[in-house]
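Welcome! Please open your viewer and get ready to make a few selections with me.

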Amino acid sequence: MLNETNLLWLLLPVAALSGWWIGQRVGKSKNNQSSSSIYPEYFKGLNFVLNEQPDKAIEVFIRMLEVDSETVETHLALGNLFRRRGEVDRAIRIHQNLIARPTLDRDQRAHALLELGMDYMRLGLLDRAEGLFLELIESDLHLNQAYTELLEIYQQEKDWENAINIARKLELISGKKLNPVIAQFYCERAELALLEGNMRVVKENIRRAISFYPNCVRASLIEAQMYQRTGKDKLAIKSYKRIESQDSDYITEIIGPLFECYRKLDRVDEFVEYLRMLVNIYGGISSLLRLTELIAEREGENAAIRFISDELKNRPTVKGVDRLIEYTLSKSEGETHEHLKTIKDLTAQLIEGRSMYKCSICGFDAKQLHWSCPGCKSWDTVKPVFGVAGE
Ligand SMILES: [Zn+2]
């Protein structure tokens, strides 16, 4: 089968030979001696290939492959192949060799710069890569790719200010909708400020996040946390509740903290009403379980059992069944009790092993909420899992 490695081994000698041939053709018109000095080199290289000495073969072939306008594309293709094979040092040598040639035209040089920048990215040499991409932007070439790579660099460096600037420029030239991502960058800054206790900066960044993307759930969550930490529970409730209209998938995230706020304000009745509304409209298991707990507390366990078993008929979920068994266990005895315990162990195991969050882009399973997917680095794509085994 012709894989990438085989392709490289086919391409190298052919490229070298064609470079030699061009050299010979040009040479013939000027100097008949040149061909005889290159020709043995080709066989030397081929010999290394046959003897499976790739390092030496590559050196020889690259030496043969003189850089001129007709072979630049071959050099670029070779460099690209080396990088993809993980041989980044070789790719860098090829690209640096290209850039050093004064004969390269503007486009060719820009292409080589771009490739060298990608080599540095691959090695994690972000500063060097950044310099090259900025140079490309200055010369107004390969803008889309240069901005995209720069955006990647600033995110890796957590340089949110530059990330915001670059994302806005990329949005302009590419037409890509980056507003939700820019809002996430502001949220990163807001979260840092919250850790430092600088509420003025938190507010400023939340305001900007929401102005870029009004449905930014994370901004509402950070705002709510800020209010909650400073004892402003009424305002915190307002911010948490905003999430329902922004993206109801995230309701799971607000149930616990909302309960704390209402309890502190001694307004749990209101919270119960809110939960009933959430269960009726969205049916999430987090709301259902919290409501069941409150019913058990206020009206007794029998009322809780009746409520949850009715709800489970409409929306069966493992977590719901697990809770129903838990309540029923205390009321059973003898053999029934033992059977129920066995089932409870099973449901507990099912819940325990489950990832409650999943990335909609790459399928990454997570036990907690991530704003940037640990698998594919996409923003805002890891969400609570719904269905029988999830929410
Ligand atoms: Zn992902």
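What follows is a short walk along one helix and then over to a loop residue.

This is a predicted model: local features need pLDDT of at least 70, side-chain atom pairs count only at pLDDT 80 or more, and totals for chains, interfaces and linings use all residues. Residues are numbered from 1 along each chain as its sequence is written, and side-chain values use heavy atoms, leaving out hydrogens and water.

**Stop one: the helix.** Select residues 126-138, which form helix α7. Helices here are DSSP runs of H or I with at least four residues, numbered from the N terminus. At 1.5 Å a residue, times one less than the number of residues, its 13 residues should span 18 Å, and the end C-alpha atoms are indeed 18 Å apart.

Now colour L126, A129, E130, L132, F133, L136 and I137, which are buried (under 20% relative accessible area, with a 1.4 Å probe and protein chains only; exposed is over 50%, partly exposed in between). These residues lie on the same side of α7 because they cover an arc of only 165° around the axis, taken from the directions from the helix axis to the C-beta atoms. Turn to the other side of α7 to find D127, R128 and E138 exposed. Next, show α6 (106-123) and α8 (143-156), which are among what covers the buried residues of α7.

**Stop two: the loop.** Select L178, between α9 (160-174) and α10 (179-196). L178 counts as buried because its relative accessibility is 10%. Leaving aside neighbours within four places in sequence, L178 is in contact with A167, L170 and E171 (heavy atoms within 4.5 Å).

Technical notes
Helices (H or I, at least four residues) and strands (E, at least two) are DSSP runs, numbered from the N terminus.
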